[in-house]
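Student: Could you take me closely through one part of this structure, namely its salt bridges, and explain what each pair joins?

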Amino acid sequence: MSTWQLADQTLNSRLLIGTALYPALTTMQDSIVASGAEVVTVSLRRQNTAGQAFWSELKALKRLILPNTAGCYSAKEAITTAHMAREVFGTHWIKLEVIGDDYTLQPDPFGLVEAATALIKEGFEVFPYCTDDLVLCQRLVDAGCRILMPWGAPIGTGKGLINPYALKTLRARFPDLTLIVDAGLGAPSHAAQAMELGFDGVLLNTAIAKAHHPIQMAQGFNYAVQAGRAGFEAGLMPEQDLAQPSTPILGTPFWLGH
């Protein structure tokens, strides 16, 4: 399995995993191990009451921590949370979330660009959670983002890639940018599809944490990400509208005596 570059880190796994919603702390820990993920994301706002055991177990896993600003509804709130996360976790990485709608948890594009611009000037490596809107993504790139994390579908829906065309467009328009599909995946096949489109990685949480068997599901996503990336690197055959035989026709068959 080939390595890849995420910001200033060289990684093996292209799967990033969340730490919320698991039925038990040991299940979370074992799922992270089974996933093979080297980066885990945590919410300072939502998990600051998780207790010392949570943080101790997370630290024992020796994964890279990607703090996020989940639960923030304004640029100011997200910027403040990012500064707190940098102090707590000792990292300049921040998964930037500025939510604009309670129903869909869709990011606020204006607040997202505002917060990203300010945080990049302050030395943060910003991982913005955004929609697949091309103009928004361009504004984030203009602000200095080297990584984009467009959703596959709204958070927690498990619908998969609801707009593959938009995601393919982002990959084509930003060939040298690190692109990670974040949110909305529900099955390993969804992750494989994202990787086949040429995305650099996927980040997910609910699909594993809410599975009937989270540890087994984590392993399934691990395999799916690897398979999808292998398919992309190998080069997928072009789709065709008409059937084409896999065995060439060299001549007309005949029967002895006819």
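Tutor: What follows is a look at the salt bridges and the residues that form them. This is a predicted model, in which local features need pLDDT of at least 70 and side-chain atom pairs count only at pLDDT 80 or more, while totals for chains, interfaces and linings use all residues. Residues are numbered from 1 along each chain as its sequence is written, and side-chain values use heavy atoms, with hydrogens and water left out.

A search of the whole structure finds five salt bridges, a salt bridge being a side-chain nitrogen of Lys or Arg within 4 Å of a carboxyl oxygen of Asp or Glu. In one of them, the side chains of K95 and E97 meet at 2.8 Å, N to O. K95 is buried at a relative accessible area of 6%, and E97 is likewise buried, with a value of 6%, where buried means under 20% relative accessible area (1.4 Å probe, protein chains only).

K95 also forms a salt bridge with D182, at 3.1 Å, N to O. Because D182 lies in strand β9 (residues 178–182) and K95 in strand β6 (residues 93–96), this pair ties together parts that are 87 residues apart in sequence; strands here are DSSP runs of E with at least two residues, and helices are runs of H or I with at least four, numbered from the N terminus. D182 is buried, as is K95.

A further salt bridge pairs D200 with R171 at 3.0 Å, N to O. D200 lies in the loop between α7 (188–196) and β10 (201–204) and R171 in helix α6 (residues 164–173), so the pair links parts 29 residues apart in sequence. D200 counts as buried at 14% relative accessibility, and R171 does at 11%. Through shared partners, salt bridges join K95, E97 and D182 into one network.

Key: Buried means under 20% relative accessible area, exposed over 50%, partly exposed in between (1.4 Å probe, protein chains only).
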